[in-house]
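Please work through the exercises below with the sequence and the model side by side, trying each task before reading its solution.

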Amino acid sequence: MGETLKREWFGNIRGDILSGLVVALALIPEAIAFSIIAGVDPMVGLYASFSIAVIIAFVGGRPGMISAATGAMALLMVPLVRDHGLEYLLAATILTGVIQILFGVFKVARVMKFIPRAVMIGFVNALAILIFMAQVPHLIGVGTITYVFVAITLAIVYIVPRFFKAIPAPLIALVLLTAIAVYSGFDMRTVGDLGTINQTLPAFLLPDVPFNLETLMIILPFSFALAIVGLLETLLTANIVDDMTDTESNKNKEARGQGIANFVTGFFGGMAGCAMIGQSVINVKSGGRGRLSAFVAGTFLMFLIIVLGNVVVQIPMPVLVGIMIMVCIGTFDWKSFSYMKNAPKGDAIVMVATVAIVVYTHDLSKGVLAGVLLSAIFFVAKISKIKVQKRLLDATHYRVEGQLFFASVEDFLEKFDYDIENEKVVIDFTDAHIWDDSGVGAVDRVVLKFRESGNDVDIVGLDAGSQKLIDQLAIFKNSNVKLPTH
């Protein structure tokens, strides 16, 4: 335990501190922007990002991953804030935390294994596109100097690491170009243009809402949606960071940790949040690996607001846009193009559909849900092909190959010749499996139909699972039962 604690907190001190500084600077404009999306004061997002990042450093299950206020969560909050106000949002944030803690306790994170790889690739690519799209407003209708600063930022973040790795390149770009912008007086948009920053610490407060069933009914649908989307984005991000760092993480502990962070944040005037793939990628690429990186990101964010608020508002937006473009390029899975060419057609369609739906709706949960459902449909279509081969030996012998369940029943029923009379019929299931009541019902129909013409029917080759279903549900064992007519 002590060795794990030491490794996760102090195994990469220099890298974690430097990457945490970069992440804190990148969190500021996004936290403000997400607050504006949700329809609340910019400080709500900033307080949330500080609180969640610091708390998750202690209770999260994935060292090196950054959690804060996010766009996916902010979009879900819009109707609640519009119709009921900030206080109900804070109450919903607390309830979101409770639901996520329960998800973690009941090990809901296990459902991640049901998300196909094609959906994961689509999720990552859609997120990269959404991050880029969020930067476009800062690039349209601006002066030439903005494009110059974006280009210089990209040059620094890609060229400097080839020669100098002691300090993360994004941090060099931020400090250097902010100094140039301040002293040169160039006319560019800055972080301060996104909203007002109050240089005050968050304070503990109880949401000013009636504590009754009516309030619960108002916030419960929003809290449940926030909990699901937050957990989905968090666990997908955790998988991505696992792959990037070649390490494993505790997904159920992460779910509980996200719940604890959101629960506490609601009492300190913050909105619900979750893991951020963009900031997590920045953290990992800047050298962050341990819990210290998330802690530094959160505390330095608050330090910047309280102590250096007047300096932070002068950071040029083109520099942050350049860093986020780097994140987009690093996040996007460029092997997707060859994947679409070489993968099974169904998987390629699932990936493209996931990307299209997420980008169109700006809702990660809708895209992932659609991708999973589409994958399930393609999978069912693929395994629902069933073969029945007829051979005339000492009896009329049917050999069944494939999976017999609701989707393959119709094809199964069509494979038999019911015109024979007073013969011996053998149906061999050695190479088949019966999965559900629909499959048993189909076997019933075949057997009873043959028996109506005086045939003697034997079922052979059933495996243990199929035999158990037949024993429990089949009616053909009672020879007096006739086939139901519809």
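The exercises that follow concern a predicted model, and each task is followed by a worked solution.

**Exercise 1. Classify two aromatic pairs.**

Task: Decide how the rings of Phe 263 and Phe 267 are arranged, and then how those of Phe 416 and Phe 450 are arranged.

Solution: A pair of aromatic rings is described by the distance of the centres and the angle of the planes. The structure holds 20 aromatic pairs. For Phe 263 and Phe 267, the centres are 5.2 Å apart and the planes stand at 80 degrees, so this pair is edge-to-face. The step rests on two cut-offs, namely that the centres must lie within 6.5 Å and that planes over 60 degrees apart count as edge-to-face. As for their surroundings, Phe 263 is partly exposed at a relative accessible area of 32%, whereas Phe 267 is buried at 16%.

For Phe 416 and Phe 450, the centres are 6.2 Å apart and the planes are again at 80 degrees, so this pair is edge-to-face. Phe 416 lies in the loop between helix H18 (409-414) and strand S5 (424-434), while Phe 450 belongs to helix H19 (residues 437-452), so the pair ties together parts that are 34 residues apart in sequence. Both Phe 416 and Phe 450 are buried.

**Exercise 2. Extend the pair to a cluster.**

Task: Find which residues are linked with Phe 416 and Phe 450 through ring pairs, and which residue lies over the face of Tyr 418.

Solution: Following the ring pairs outward, one arrives at a cluster made of Tyr 398, Phe 412, Phe 416, Tyr 418, Phe 429 and Phe 450. Turning to Tyr 418, its face has Lys 449 over it, at 5.7 Å from the ring centre.

**Exercise 3. Trace the sheet.**

Task: Give the strand order of the open sheet and work out which strands stand at its edges.

Solution: Strands of a sheet pair through backbone hydrogen bonds, either parallel or antiparallel. Here the open sheet has four strands in the order S3-S4-S5-S6, with mixed pairing. Strand S3 (387-392) and strand S6 (456-460) each have a single partner strand and stand at the edges, so one side of each is left without a neighbour in the sheet. From one strand to the next, the twist averages 20 degrees.

The mixed pairing can be followed strand by strand. S3 and S4 pair in the antiparallel sense over six bridges, and they form a hairpin with three residues between them; in this pairing Leu 392 stands opposite Thr 396 in S4. By contrast, strand S4 (residues 396-404) and S5 run parallel and are joined by eight bridges. Among the bridge partners in S5 are Ile 427 for Tyr 398 and Asp 431 for Glu 401.

**Exercise 4. Examine positive phi values.**

Task: Locate Asp 246 and Asn 422, and decide whether each is buried or exposed.

Solution: Most residues other than glycine have a negative phi. Asp 246, although not a glycine, has a positive phi of about 55 degrees, and it is found in the loop between helix H9 (213-245) and helix H10 (251-266). Its relative accessibility is 71%, so Asp 246 counts as exposed. Asn 422 has a positive phi near 50 degrees and is found in the loop between H18 and S5. With a relative accessibility of 60%, Asn 422 counts as exposed.

**Exercise 5. Describe helix packing and cover.**

Task: State how H7 and H8 cross, and then establish how many residues of H11 are buried and what covers them.

Solution: Helix H7 (residues 144-163) packs on helix H8 (residues 169-184) at an angle of about 145 degrees, with the axes 9 Å apart, and the crossing is right-handed. The residues that meet include Phe 149, Ile 152 and Ile 156 from H7, and Ile 172, Leu 176 and Ile 180 from H8.

In helix H11 (residues 277-285), eight of the nine residues are buried, including Ile 277, Gln 279, Val 281 and Asn 283. What covers these buried residues includes helix H2 (13-38), helix H6 (117-135), H9, strand S2 (273-275), helix H12 (291-306) and helix H14 (317-331). Just after H11, Gly 287 takes a positive phi of about 105 degrees.

Conventions:
Residues are numbered from 1 along each chain as its sequence is written. This is a predicted model: local features need pLDDT of at least 70, side-chain atom pairs count only at pLDDT 80 or more; totals for chains, interfaces and linings use all residues. Side-chain values use heavy atoms; hydrogens and water are left out. Rings of Phe, Tyr and Trp (its six-membered ring) pair if their centres lie within 6.5 Å; planes under 30 degrees apart count as stacked, over 60 as edge-to-face and the rest as tilted. Buried means under 20% relative accessible area, exposed over 50%, partly exposed in between (1.4 Å probe, protein chains only). Helices (H or I, at least four residues) and strands (E, at least two) are DSSP runs, numbered from the N terminus. A charge sits over a ring if NZ of Lys or CZ of Arg is within 6 Å of the ring centre and within 35 degrees of the ring normal. Two strands pair if DSSP finds at least two bridges between them. Axes are lines fitted to C-alpha atoms, for helices over the stretch in contact, and angles run from 0 to 180 degrees between N-to-C directions. A crossing is left-handed if the near helix is turned anticlockwise from the far one by less than a right angle, and right-handed if clockwise. Contact means heavy atoms within 4.5 Å.
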